[in-house]
Amino acid sequence: MKILVANVNTTQTMTDSIAAQARAVAAPDTEIVGITPRFGADSCEGNFESYLAAIAVMDSVVNYDGEFDAVVQAGYGEHGREGLQELLDVPVVDITEAAASTAMYLGHKYSVVTTLDRAVPLIEDRLKLAGLDDRCASVRASGMAVLELEEHPERAVEAIVRQAELAVTEDKAEVIVLGCGGMANLDEQIRERCGVPVVDGVAAAVLVAESLVRLGLSTSKVRTYAAPRPKTVIGWPITQGPVR
């Protein structure tokens with residue numbers, strides 16, 4: 001089985017970190033391929049960057065040279081999953097939904113701890129759209145920018161732990177979800193400090209994707225995610241590659 005794990009930003013070191021976390025949980029017979037968009041922002045922290053990333057990820061996946069069995073979109077609260085589902089016949093799993101749905105198995109309410117406060121409304125909207133907001137106690141911002149997660153990992157852990165503890169004590173959350181692909185591999189440290197289950201979206205999404213492939217299941221194509229109708233598209237990057 002081969003799973004493409006698509007970073008939503010253009011920072012290669014973050015792609016490498018996300019792919020490493022994916023490999024750490026994947027089955028021995030699963031090949032993880034991290035892909036980085038060829039255009040876009042070096043981090044996604046707002047609507048402009050998120051919509052740009054949606055196009056960039058579709059471009060990078062459709063133009064991938066080779067076969068694959070599933071795609072993980074590794075951007076928390078980002079746009080684009082629906083477009084990939086229209087374009088592909090293989091399962092597409094977004095880390096936002098995979099993490100939140102996994103958390104719901106573990107406790108009555110979960111809280112998301114993300115990066116900057118400006119990302120909070122995007123995450124709230126994506127959870128609501130996915131029907132996962134009823135059991136979300138809160139979405140809290142750590143105050144750390146995406147790229148700072150790599151530059152200052154110790155500071156990042158402290159900032160995330162502080163908000164996670166407040167989510168548990170003040171918001172009554174029973175599970176913490178890490179709300180950024182760049183937080184991959186921080187889950188164990190935060191779990192030890194907070195004493196509650198901590199869900200990393202990359203790990204959760206990889207295991208969901210593996211399960212769907214092994215069950216022989218993929219996106220329904222009868223209505224919402226049917227393949228795009230043939231159109232003349234001008235200047236769209238993904239026209240450079242075939243639609244799978």
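## The sheet of strands β5 to β8

Strand β5 (residues 110–114) pairs with β6 in the parallel sense, and 5 bridges join the two. This pairing, like everything else in this report, is read from a predicted model. Two of the residue partners can be named. Tyr-110 has Cys-136 in β6 as its bridge partner, and Ser-111 has Ser-138 in β6 as its bridge partner. In general, the strands of a sheet pair through backbone hydrogen bonds, in either a parallel or an antiparallel manner.

The pair belongs to an open sheet of 4 strands, which follow the order β6-β5-β7-β8 with parallel pairing. At the edges stand β6 (136–141) and β8 (198–200), each of which pairs on one side only. On average, neighbouring strands of this sheet are turned by 25° against each other, direction ignored.

Are the residues of β5 mostly covered or uncovered? The strand is mostly covered, since 5 of its 5 residues are buried. Their directions alternate: Tyr-110, Val-112 and Thr-114 point one way from β5, while Ser-111 and Val-113 point the other way. Residues pointing in both directions are buried.

## The sheet of strands β1 to β4

Another open sheet has 4 strands in the order β2-β1-β3-β4, with parallel pairing. Its edge strands are β2 and β4 (92–94); each has a single partner strand, so one side of each is left without a neighbour in the sheet. Neighbouring strands here are turned by 20° against each other on average, direction ignored.

Within this sheet, β1 and β2 pair in the parallel sense over 5 bridges. Lys-2 stands opposite Glu-31 in β2.

## Helices on the sheets

Helix α1 (residues 12–25) lies across β1, β2 and β3, and runs at about 165° to β2. Helix α9 (residues 201–214) also packs on the sheet, where it touches β1, β2, β3 and β4. The direction of α9 makes about 165° with that of β3. In addition, α9 lies across β7 (175–178) and β8, running at about 65° to β8. Helix α9 therefore has strands of both sheets among its contacts.

Does the length of helix α2 agree or disagree with the span expected for its number of residues? Helix α2 (residues 47–62) has 16 residues, which at 1.5 Å a residue should span 22 Å. The end C-alpha atoms are 23 Å apart, which agrees. Many residues of α2 are named as buried, including Ser-50, Ala-53, Ala-54, Ala-56 and Val-57. Towards its end, Met-58, Asp-59, Ser-60, Val-61 and Val-62 are buried as well. What covers the buried residues of α2 includes the strands β1 (2–7), β2 (31–35) and β3 (70–74), together with the helices α3 (81–87) and α5 (120–129).

## Two domains

The protein chain is divided into domain 1 (2–94 + 203–215) and domain 2 (96–201). Domain 1 is thus made of two stretches of the chain. The centres of the domains, taken over C-alpha atoms, are separated by 19 Å. To the contact between them, domain 1 gives 28 residues and domain 2 gives 30 residues.

## An aromatic pair

How many aromatic pairs does a search of the whole structure find? The search finds 1 aromatic pair. The rings of Tyr-64 and Phe-68 have centres 5.9 Å apart and planes at 75°, so the pair is edge-to-face; an angle over 60 degrees is what places a pair in that class. Phe-68 is buried, with a relative accessible area of 4%.

## Two loop residues

Val-146 is found in the loop between β6 and α6 (148–151). At 3% relative accessibility, Val-146 counts as buried, because the limit for a buried residue is under 20%. Although Val-146 and Ser-43 are 103 residues apart along the chain, their C-alpha atoms are separated by 6.2 Å. With neighbours within four places in sequence left aside, Val-146 is in contact with Asn-9, Met-14, Ser-43, Cys-44, Glu-45, Thr-115 and Cys-180.

Lys-172 has its place in the loop between α7 (153–169) and β7. Is Lys-172 buried or exposed? With a relative accessible area of 57%, Lys-172 is exposed. The backbone of this residue is also notable for a positive phi of about 65°, although Lys-172 is not a glycine.

Notes
Residues numbered from 1 in each chain as written. Predicted model: local features only at pLDDT ≥ 70, side-chain atom pairs only at ≥ 80, totals over all residues. Heavy atoms only, no water. Phe/Tyr/Trp six-rings, centres within 6.5 Å; stacked < 30°, edge-to-face > 60°. Buried < 20%, exposed > 50% of the residue type's maximum accessible area, 1.4 Å probe, protein only. Expected span 1.5 Å × (residues − 1). Contact = heavy atoms within 4.5 Å. Pairing = 2+ DSSP bridges. Axes fitted to C-alpha atoms, helices over the stretch in contact; angles between N-to-C directions. Domains from an automatic or database assignment.
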